[in-house]
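User: Could you explain how the labels in a structure description are earned? I would like to see each value set against its definition.

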Amino acid sequence: MPKKNTFISELKSIIASSNYSFNDVPEEVIPVFVSFFEALTDVRNESYILHKLSDIVGVAFFGIISGCNTWNEIEVFGDYHLQDLKKYLELKNGCPSHDTFRRVFNLIKPSEFGEIMVMVLEPIISKAVFNHIGNAFIDDNKMITDILSMDGKVSLSSSRNRRDKDFIKALNTMHVHSTELGITLVSEPIENKTNEIPVGQKILQTMDLRGKVITCDALNTQKELTEIITKSHGEYVLPVKENQKNLKDDIELYFKEGFDKTKVLYKKEKDKESSKIVTREYYLSPEVTWCYEVDKWTNIHGFGMIKKTVEDLITKEISEEKRYFISSFNDSIELFSRAVRNHWSVEIMHRDLDMFFDEDDNMTIRSNALLNFNTLKKVVLSILKLVQGFYGEHFSKNSIRQRISYGFGKEIESIFKSISYLITKKAK
């Protein structure tokens, strides 16, 4: 479990302990938010259109944040809350059917949908961070503003085994996730796990990585990736395992045989996790030139190790694990440890999609509809994280969704007043 030292978790703590008031808070946030949906390209034949595209996406958004996880549930929600929804949407022909939601979402280009959702979320969360945290640098000296975690996820129920047609594989998507802001910046479909490597590299080639540290799983630790990150002006902390055996063996031997402790940066953390005491020791060494493998990679300036010791308070058993990393920097143990631990934020995002939105039970076949539905769920997840501090420590993200479902009209206004407060006021 990652330590809660991201901007979004810090923001939650600040709000939870502040004396906030919604007096004089602007109330036009919902119309502004919904207006972004109107920027989507509508490819439907105008002669057969009964529902505005922005209305269809808007009802789906409001349905998901109110606890809906399927197209059928969204249709039921839309019919039941039609009058409340008409405050923000036109809906002149009532609520669309579940088939209309599925069909229209399948016509939306996923890349465009994802870009517009990021255009909605990133300014809101960045402004909230600026207002309530101030300095948006993780590392002042290196001008680092974010740690981006790259990882793939399979939507398990999206596959089909048809007798008369080719087997339809489950949707596998590569995500680039902002661990500090809690939003997914890019989602790109991939054919299977072996194709994850070039897809991840292709995504990063299109991004400006200035002020960003890239993390990933060991599968994506490739020589080409370090070159791409460096050319895009980014930094990296990448795990090294058996797929890079020679490099891994060299780093392991270096830390095992006795290194010069005066040259190695060190940090120790101890946390109580359930019935266990977990100690993490971080090492970052600038001594890399001795390693023959280094010349084959781009911009390696540090070797890292994390030693994790787990003591079970019940059984008294003690276990130990060591993991090894390459890094483009060697002068900040704080940044190194933060990158290593916060990489798991993308895994937690995947877990939240499964736990709160039944993502692995979604039977929508691999298609644009599934990709866009997944994107909208991640938007909702980001908003829930953003406002969670207003609800108190005992409210989970799912509890907030349940509360909205019980009193949609009142609760959705409260959600967006919270957002309005974050972007227009400063915590006291």
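**From values to labels**

Analyst: Let us begin with Ser-274, which lies in the loop between β6 (265-273) and β7 (276-285). The model is predicted, so local features are reported only at pLDDT of at least 70 and side-chain atom pairs only at pLDDT 80 or more, while totals for chains, interfaces and linings use all residues. Residues are numbered from 1 along each chain as its sequence is written, and side-chain values use heavy atoms, with hydrogens and water left out.

User: Why is Ser-274 called exposed?

Analyst: Its relative accessible area is 64%, and the term exposed applies over 50%, buried under 20% and partly exposed in between (1.4 Å probe, protein chains only). Ser-274 is therefore exposed. This residue also has a positive phi of about 60 degrees, although it is not a glycine.

User: What makes Asn-299 partly exposed?

Analyst: Asn-299 has a relative accessible area of 28%, a value that falls in between the limits for buried and exposed, and therefore Asn-299 is partly exposed. Its place is the loop between β7 and β8 (302-312), and its phi is positive, about 70 degrees, although Asn-299 is not a glycine. Names such as β8 come from DSSP runs numbered from the N terminus (strands are E, at least two residues; helices are H or I, at least four).

User: How do you know that α6 and α13 are roughly perpendicular?

Analyst: The axes of α6 (residues 98-107) and α13 (residues 368-387) cross at roughly 95 degrees and come within 7 Å. Here an axis is a line fitted to C-alpha atoms, for helices over the stretch in contact, and angles run from 0 to 180 degrees between N-to-C directions. Angles of 65 to 115 degrees count as roughly perpendicular, under 35 as roughly parallel, over 145 as roughly antiparallel and the rest as oblique, so these two helices are roughly perpendicular to each other.

User: Which residues make the contact between α6 and α13?

Analyst: Arg-102, Phe-105 and Asn-106 take part from α6, and Asn-368, Ala-369, Asn-372, Phe-373 and Leu-376 from α13, where contact means heavy atoms within 4.5 Å.

User: Which residues of helix α1 are buried, and what do they pack against?

Analyst: In α1 (residues 7-16), the label buried goes to Phe-7, Ile-8, Ser-9, Leu-11 and Ile-15. The buried residues of α1 pack against α7 (110-132), α11 (333-342), α13 and α15 (408-424).
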